[in-house]
Amino acid sequence: MVLNQKVNFFRMGSVKIPHYLEGLCMVLLFGYFSIGVFPFALYETDALGVIAGCKKILETGRFEENYYTYNFQTQPGIYFWVITIHKVVQISLVTAYSAISALFGIGFVLLSAYFLSRCIRVSFFVSTVSLFIFQEVYSAWYYMNSATGAAFFMMAAFVLILSGNRPIRFIVSGILLALSAWTRFDVIILFPVIIILVPHKSIWVKFIRAAITFFTFLVAIFILCYLSNATNVLLEAMNGGGSLSFVDNQKTASSFFTSQFIRAFAGCFSILSLVLIAWGLWLLKINKDIRVFFIFLVPVFLFLLFIAKHVVAGKHLLYYIPFFAIPVTYTFKWFITANFSKRLTFIGIVLPFFLLQYVLGIRVSLPSHPYVNEPYVSVKPEPTIFSLGTINVPLNVADSITFVIGCGTKLSTSDEMLLSSGILFSPLMWYKLKQESQVEYNSISELINSTNEDTLHMTTSQGGVYPVKNLLYLNGFTLTNPENKLYVWGLDYTYKWRKPGKVIIVDQATYPKDSYAKYVTKIRENKADVFTHIAFFDWERWYVNQYSQPHKKISNVAYQFAKR
């Protein structure tokens, strides 16, 4: 068949890919990776604070920080977007927040692909594929978060700066940067890159146009924060960092690897992505493409200087992915124009990494985490398309390794779940994970609404009390004895919640993670004759399910105990 000569295509040696085929591939790519967007459900606990905070704002009519808001000062914009969509489209707050997180995330990918295609002069399709090498690019669509909104407006500003020299572009880009920081303030760390993006050879012209953008940003962000009653973040930023210091994120957790950072990094950067980044940097060096190299280098330097040691979730890397994707896209550009033998060598190197980490799932059974494959935990590896076999490993750190076509070992970070292997099945994993999360949250809501008792006693660890308290508020209960701050780590506290004809008492306590015996002893100390224990974390569920005292399992997270 002879193709119409008017059809545009890019060449891969003797292979010609027309634009309509690129378009079809794009539809299939976004269609498949959008599976994880659904169902719209509660998953990440911080999002509950935003939802509850939005409800309180709607009740009081005052757009300001309240008892339930989560990090309002550093992300007032996300409250505005959620409430606006909720009102305009007449959908629930959960649906509104889920939808805008996904739409902002998809928009961010499209803008980033355009940004890469302009920087490197490669097709939009190739730059899009480069971005999808990074798991976090689409994982951020799947749960409610403010990072996708900040990333969207940031990239819109960068694209506008890169696309022309008209003064109005630099003013509008400043406004977009303000909307970005208003949505989530930590994004401002990347803003210095605008100096490099300004398309002019004169360094003075670059500084003048960047100054216009920066001045517009300052005026707009002050106005937005003032109107949002969120000026504290600006005062903290001017007084040495404040919310920019990410002090709350300087923590570690002993799940799978030694720290949250390692798990987030391993989930975001596959071996394939690191190989392609290294390859691309080598190509940039030999081609002496200085401008593109600095567009890559400055954001990476800012990341290493301010953010790297504070990363506890993949979304903290989201803003930087388009810049890490620059050498990846550069490598693909080289592949397209290389001769046959070089392309064959490239495929021989890259294809095994893709198959071994994106298609093949490797599941490691760890003696330190015996609950990993239990049906009631969130880290159980699903789905399995086809099982290839298991081998026993005579090591202290691992019992066995199972190979499957499907998702591999899950990497649990502070905000989201990422895959260590079988990355291609991430959308299916998220779909199942959110279904289960919806069931768990619904089970708690049904428990507190359907109980016939006048008084219901609940116990929970400090990690589990945050979602429990927000769910009680969202279900119409009023807290009669609030502490000074909704979420205080290290505080043992008893909360009393009331609703007409019903009282719920929630005992928050420190439950030891490193001792089953101490954990069980803590449960036994509760003085109520009948109480429901909320085991929010996987290790808690493991302890409760090993506990021999009779109890009624309400759901994977809720267990009812009765004193004999």
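**A tour from a loop to the core**

Begin by selecting leucine 491, which lies in the loop between strand S9 (478-479) and strand S10 (493-499); bear in mind throughout that this is a predicted model. At 25% relative accessibility, leucine 491 counts as partly exposed, because the buried class ends at 20% and the exposed class begins over 50%. Show the surroundings of this side chain next: leaving out residues up to four places away in sequence, leucine 491 touches Gln462, Glu483 and Gln508. If you then add alanine 99 to the selection and draw the line from C-alpha to C-alpha, leucine 491 and alanine 99 turn out to be 35 Å apart in space, with their positions 392 residues apart in sequence.

Move now to helix H10 (residues 203-227), where valine 219 is found. Valine 219 has a relative accessible area of 39% and is therefore partly exposed. A second distance can be drawn from here, since the viewer will also accept a pair of C-alpha atoms: those of valine 219 and alanine 102 are separated by 29 Å, the two residues being 117 apart along the chain.

The next stop is the interior. The largest nonpolar core has 167 residues, and the members to select are Phe115, Phe134, Trp141, Phe158 and Trp497, which touch the most other members. Colour helix H4 (residues 93-120) as well, as this helix gives the core its largest share, 13 residues.

Keep tryptophan 141 selected and display what surrounds it. Apart from neighbours within four places in sequence, tryptophan 141 is in contact with Phe30, Phe33, Ser34 and Val37, with Ser101, Ala102, Gly105, Ile106 and Val109, and with Phe132. Alanine 102, the far end of the distance drawn from valine 219, is thus among the contacts of tryptophan 141.

Finally, zoom out to the whole chain, whose secondary structure comes to 20 helices and 14 strands. The C-alpha trace spans about 80 × 60 × 45 Å along its principal axes. The radius of gyration is 25 Å, which agrees with the value near 24 Å that a compact globule of 564 residues would have. Buried residues account for 55% of the 564, and of the contacts between residues at least 6 apart in sequence, 70% join residues at least 24 apart.

With the surface switched on, about 24900 Å² is exposed, of which carbon and sulfur atoms supply 63%. Colouring by charge brings up 46 positive and 29 negative charges, and the mean positions of these two sets are 12 Å apart.

How values were computed
Residues numbered from 1 in each chain as written. Heavy atoms only, no water. Core = buried A, V, L, I, M, F, W, Y, C linked by side-chain atoms within 4.5 Å. Buried < 20%, exposed > 50% of the residue type's maximum accessible area, 1.4 Å probe, protein only. Helix = DSSP H or I, 4+ residues; strand = E, 2+ residues; numbered from the N terminus. Contact = heavy atoms within 4.5 Å. Rg over C-alpha atoms; globule rule 2.2 N^0.38 Å. Areas by Shrake-Rupley, 256 points an atom, 1.4 Å probe, with all protein chains shown as cover. Lys, Arg positive; Asp, Glu negative; His and termini not counted. Charge placed at Lys NZ, Arg CZ, Asp CG, Glu CD.
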